[in-house]
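Trainee: I have a structure to go through and would like to learn how to read its features. Please take them one by one.

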Amino acid sequence: MIIDDVYIKTLLKNGAEASAEARRAALSRAEGGAPLTLTDAAALLHMTDAEDEARLFALAGKIKNAVYGNRVVLFAPLYVSDYCVNNCAYCGYKKSNGFRRRKLTFDEIRQEVELLESLGHKRLALEFGEDYENCPMEYILGAIGAVYDTKNGGGEIRRVNVNIAATTVENYAKLKEKGIGTYILFQETYHKATYERLHRGGPKSDYGYHLTAFDRAMQGGVDDVGAGVLFGLYDYKYEVMALLLHNAHLERTYGAGFHTISVPRLRQARGNDLRAFPHLVGDSDFKRIIALLRIAVPYTGIILSTRESAALRNEAIHYGVSQISAGSATGVGAYRVEAAGEDANQFEIADRRAVHTVVADLMNSGFIPSYCTACYRKGRTGDRFFALARSGEIKNVCAPNAIMTLAEYVTDYGDDALKSAGLDCVKRNIAAIEDESMRTALEAQTEKILAGKRDLYF
Ligand code: SF4
């Protein structure tokens, strides 16, 4: 059993009853480097003391730095098709919402991608609604090919992550064959009764089929899977414990847990009324979720989207978040619509900073904005990725790759001020690389980039 409802409730009950001393002892164990047990995670989810919470955030930041260093990976979503046969209560694309649906033609996909490329993006997350008549697997595979621009010999996009509905082992094998990076699927809520209440009709209403999608993905050869829940649908403490159980199941069975966890919070969308959702998550609980996940699954990337404000995202990168979207448009064809000065977003976006502003803000906060896609292209996926992350070696390639992609970005897309700040950041961060042979190699590669070479990585 992947999710044991009774077990989660027992863990949470014990966690709620844990004494302040027991919580502090759990924190001390984690600070001493012990992996966070489910019992300790449940206890920490119930902490109320401000000093304990400060320790939690400090530890999360320390762990993040130890695993990934100071890079933050950037990406953009690309909404490809809003045809959907499901009726998810919280979603603007639900079948019962009457609006003119569409999917991009492959030429339109290339146009959207050209716009994204002109912003400097190298890594995309493709979003498709579930409708195998209007959006069949062949179309999805063709869309991925159009993004990689296989017809014209390859464009600027170097990694395509894909979010499609739960499907068969055979279809996952086709995605793998097509060269996807991460397969993304959000459970939305792990609480079965809530899941069934919110997903009335359509194939997504099958909780068990949805929950086992990553098993089929792994069996189909997709070994980087990206999970998430939509925080606000049910008690966040339950969702966090369930995420940890799901991750443990994948680790146990396939040797690799979640490559990433996304932490979207429920937002207003067409046809939903937030007053109908009693479990909305406030900022302080949300920050604790992020810090706790970082401590519990240190080697899993944590993704925060533009649903959250710039202020919150700027804060969360200090203690957990390792990937953020930037300059996002969240509707089908929305990048071109936005370029024409209109709004086509599916839900409210809180962080509307331009990509170059996000890059500048990251540098000003001491981070290296990264467009790195090296691991997947070097075959560092699944259990191989986790082995390197556990040994601490990922950090040794993350920083050099981040530095090289930043040098590329500011040279190709920055104005004079951004270029100058970016090259300073490159220089500073090269000097901070401890390993002398890596530092020398990186200096040589960066020189090549400044002389016009592109797409270098370790
Ligand atoms: S080196 Fe690997 S883990 Fe690090 S940013 Fe690049 S792709 Fe991600």
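Trainee: Which residues are around the ligand?

Mentor: This is a predicted model, and everything below is computed from it. Around the ligand are Arg71, Val73, Ser370, Cys372, Thr373, Ala374, Cys375, Ile394, Val397, Cys398 and Asn401. By class, that shell has seven nonpolar residues, three polar and one charged.

Trainee: Which elements each supply at least two residues of that shell?

Mentor: Strand S1, helix H16 (374-377) and helix H18 do. H18 has the largest share, with four residues.

Trainee: How many residues of helix H15 are buried, and which are they?

Mentor: A residue counts as buried when 20 or more other C-beta atoms lie within 10 Å of its own. In H15, which spans residues 355-364, seven of the 10 residues pass that test. They are Val355, His356, Val358, Val359, Ala360, Leu362 and Met363.

Trainee: What do the buried residues of H15 pack against?

Mentor: Two strands and two helices: S1 (71-81), S9 (368-370), H18 (394-413) and H19 (416-431). Of these, S1 and H18 also supply residues to the shell around the ligand. After H15 comes glycine 366, with a positive phi near 90 degrees.

Trainee: Next, the strands. How should I read the two faces of one?

Mentor: In a regular strand, side chains alternate between the two faces of the sheet. Take S2, residues 123-128, as the case here. Arg123, Ala125 and Glu127 point one way, while Leu124, Leu126 and Phe128 point the other way.

Trainee: Why is S2 described as largely enclosed by the rest of the structure?

Mentor: Because six of its six residues are buried. The charged and nonpolar names in that strand should not mislead you: Arg123 and Glu127 are buried, and so are Leu124 and Phe128.

Trainee: Which faces of S3 are covered?

Mentor: Both faces are covered. Arg159, Asn161 and Asn163 are on one side, with Val160 and Val162 on the other, and all are buried. S3 spans residues 159-163, and five of its five residues are buried.

Trainee: In what sense do S1 and S2 pair, and over how many bridges?

Mentor: They pair in the parallel sense, over five bridges. S2 and S3 also run parallel and are joined by five bridges. To follow the pairing residue by residue, start at tyrosine 79, whose bridge partner in S2 is glutamate 127. Glutamate 127 in turn stands opposite asparagine 163 in S3.

Trainee: What does the domain assignment of the chain give?

Mentor: It gives domain 1 (5-65), domain 2 (69-353) and domain 3 (376-450). The C-alpha centres of domain 1 and domain 2 are 28 Å apart. Their contact takes 20 residues from domain 1 and 21 residues from domain 2.

Trainee: Which helices each supply at least two residues of the side of domain 1 that touches domain 2?

Mentor: Helices H1 (5-17), H3 (38-45) and H4 (50-68) do. H4 gives the most, with nine residues. By class, that side of domain 1 has 15 nonpolar, two polar and three charged residues.

Trainee: Why does leucine 59 count as buried?

Mentor: Leucine 59 is found in H4. It counts as buried because it has 20 C-beta neighbours inside 10 Å. Leaving out residues up to four places away in sequence, leucine 59 touches Ala30, Glu31 and Ile295. Sequence distance can be a poor guide here: leucine 59 and glycine 320 are 261 residues apart in sequence and 9.7 Å apart in space, C-alpha to C-alpha.

Trainee: Which residue other than glycine has a positive phi near 70 degrees?

Mentor: Glutamate 188 does. It lies in the loop between strand S4 (183-184) and helix H8 (192-198). With 26 C-beta neighbours inside 10 Å, glutamate 188 counts as buried. Aspartate 455 also has a positive phi, near 60 degrees. It sits in the segment after helix H20 (436-450). Aspartate 455 is partly exposed, with 15 other C-beta atoms within 10 Å.

Trainee: Why is the chain's radius of gyration said to agree with a compact globule?

Mentor: For 458 residues, a compact globule would have a value near 23 Å, and the chain has 21 Å, which agrees. Of its residues, 50% count as buried.

Notes:
Residues are numbered from 1 along each chain as its sequence is written. This is a predicted model: local features need pLDDT of at least 70, side-chain atom pairs count only at pLDDT 80 or more; totals for chains, interfaces and linings use all residues. A residue is buried if 20 or more other C-beta atoms lie within 10 Å of its own, exposed if 12 or fewer, and partly exposed in between; C-beta atoms are placed from the backbone. Two residues are in contact if their C-beta atoms, placed from the backbone, lie within 7 Å. A residue is near a molecule or strand if its C-beta atom, placed from the backbone, lies within 6 Å of it. Ala, Val, Leu, Ile, Met, Phe, Trp, Tyr, Cys and Pro count as nonpolar, Asp, Glu, Lys and Arg as charged, and the others, Gly among them, as polar. The radius of gyration is taken over C-alpha atoms; the globule rule is 2.2 Å times the number of residues to the power 0.38. Domain bounds come from an automatic or database domain assignment. Two strands pair if DSSP finds at least two bridges between them.
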